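Here is a short report on a predicted model. It covers cores, one helix and the pockets.

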Amino acid sequence: MIAPLLRTDNLADIAEKVWAGERLSFEDGLRLFESQDLLLLGSLADLVRQRKHPGRTVTFNIGRNINYTNVCWVRCKFCAFYRVPNHAEGYVLPDEEILQKCRELVDLGGREILIQGGLNPKLKIDYFERLFRTIKAAFPTIDVHGLSSAEINYVAHISRLSLEETLRRLRDAGLNTIPGAGEMLVDEVREQIAPLKEKTARWIELMRTAHRLGIRSSATMVYGWGESYAQRLEHMLRVRELQDETGGFTAWISWSFQPDGTELGGKKASGWDYLRNTAVSRLMLDNVSSLQASWVTQGPKLAQIALKYGLNDFGSTMMEENVVSPTGTNFLMQIDEIRRLIREAGYEPRVRDTLYTLLD
């Protein structure tokens, strides 16, 4: 079924490697990115997806985002959410409000909270230890999927702790897993979009240390900054190399930068580019089991289509979204709507937890 498509971009040798289960090279990845044959990319990516996840199951997670603070001094050019310290609109959520959000999640049958905020100079390690213990005491079944690498690095810095000690204390207080929050693991790009954030080597060191301590994480990539295909591949291969070493990444999620309302500005990447990036991700990241949709940025219809381009997971219900929505991109969905979208795409929806264990 794929064979007639091979003549268009002369990717027959790469297709043979995919069929044989061989690892693709950086040069292979460049050729895939440069290909105009989106149907071929999707066919190859779906082949790999079916090998890893045979059948018609597409998973999703009943979870919610909790942004405990919007105070952040880093001033990332791509962010429309943050408020600098002492800004009139800055906040730190009271424990009672966070616990109420947890209660609403549990009442819906959910168990994952994605808790992230900003680099708030007033919040040291003791704040997070107390918060996580409070959440776990009230809701023992909740999985705390929390804090970006930048937040953890900053907590270590202002608390005068080593990275390992910080991660160990957060884990012991109730942190289960860490979201990827890598943007682009290429320092040339990081200097342009967030010059005050940690560099690539520090992100890798944090993930390596977390995995060694038994804290698993996702890996993410935000593209559409004007980066080259080579830089996207550089990011992917850094994740692949670390996964070879630790096996600690649960999933890969990529999405395009949403420029409206941000200091950085620019033009949104196309849906065509999202499908291409998704397919290439599945083909290059041969050691990452799950690829997750980003319907909150791409919209539900494109996420449906992307299930044919290597995705096996539809993401989280989220329940609320405060970081992307200030840019004007505002998609939220109910549980029944996610189930409907998955079924309409020809798949069977199943609920999973943070570690991708099926729950129903």
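## Core, helix and pockets

Phenylalanine 132 touches Ile115, Val144, Leu147, Leu170, Ala173, Gly174 and Leu175, leaving aside residues up to four places away in sequence. Another core lies apart from the one around Phe132; this other core has six residues, including Cys72, Val74, Ala150 and Tyr154. The largest nonpolar core counts 97 residues. Phe132 and Phe314 have the most contacts inside that core.

**Helix H14**

Helix H14 spans residues 335–344. Its buried residues are Ile335, Ile338, Leu341 and Ile342. Seen down the axis of H14, these buried residues fall within an arc of 130 degrees, so they line one face of the helix. The spacing fits a general rule: an α-helix has 3.6 residues a turn, so residues three or four places apart point the same way. What does the face of H14 turned away from the buried side carry? That face carries the exposed residues Asp336 and Glu344.

The buried residues of H14 have several packing partners. Three are strands: E1 (57–61), E9 (313–316) and E10 (348–351). The others are helix H12 (295–298) and helix H13 (300–306). Glycine 346 follows H14, and its phi is positive, near 95 degrees.

**Pockets**

The largest pocket has a volume of about 240 Å³. It is lined by 15 residues. Those closest to its centre are His53, Thr59, Ser290, Asn312 and Tyr356. E1 and strand E7 (249–256) are the elements that give two or more residues to this lining. E1 also packs against the buried residues of H14.

The second largest pocket is lined by Lys17, Val18, Gly21, Glu22, Arg23, Leu24, Val48, Arg51, Lys52, Arg282, Leu283 and Asp286. Helix H1 (12–20), helix H3 (38–52) and helix H11 (271–284) each supply at least two of these residues. Which helix gives the most to the lining of the second largest pocket? H3 does, with three residues.

The table sets out the two pockets.

| Pocket | Volume | Nonpolar lining | Polar lining | Charged lining |
|---|---|---|---|---|
| Largest pocket | about 240 Å³ | five residues | seven residues | three residues |
| Second largest pocket | about 160 Å³ | four residues | one residue | seven residues |

Key:
Residues numbered from 1 in each chain as written. Predicted model: local features only at pLDDT ≥ 70, side-chain atom pairs only at ≥ 80, totals over all residues. Heavy atoms only, no water. Buried < 20%, exposed > 50% of the residue type's maximum accessible area, 1.4 Å probe, protein only. Helix = DSSP H or I, 4+ residues; strand = E, 2+ residues; numbered from the N terminus. Arc of directions from axis to C-beta. Contact = heavy atoms within 4.5 Å. 1 Å grid on protein atoms, 1.4 Å probe; cavity = no way out; pocket = protein on both sides within 12 Å on 5 of 7 lines; lining within 4 Å. Points joined across faces, edges and corners; volume = space filled by probe spheres on them. Nonpolar A, V, L, I, M, F, W, Y, C, P; charged D, E, K, R; others polar. Core = buried A, V, L, I, M, F, W, Y, C linked by side-chain atoms within 4.5 Å.
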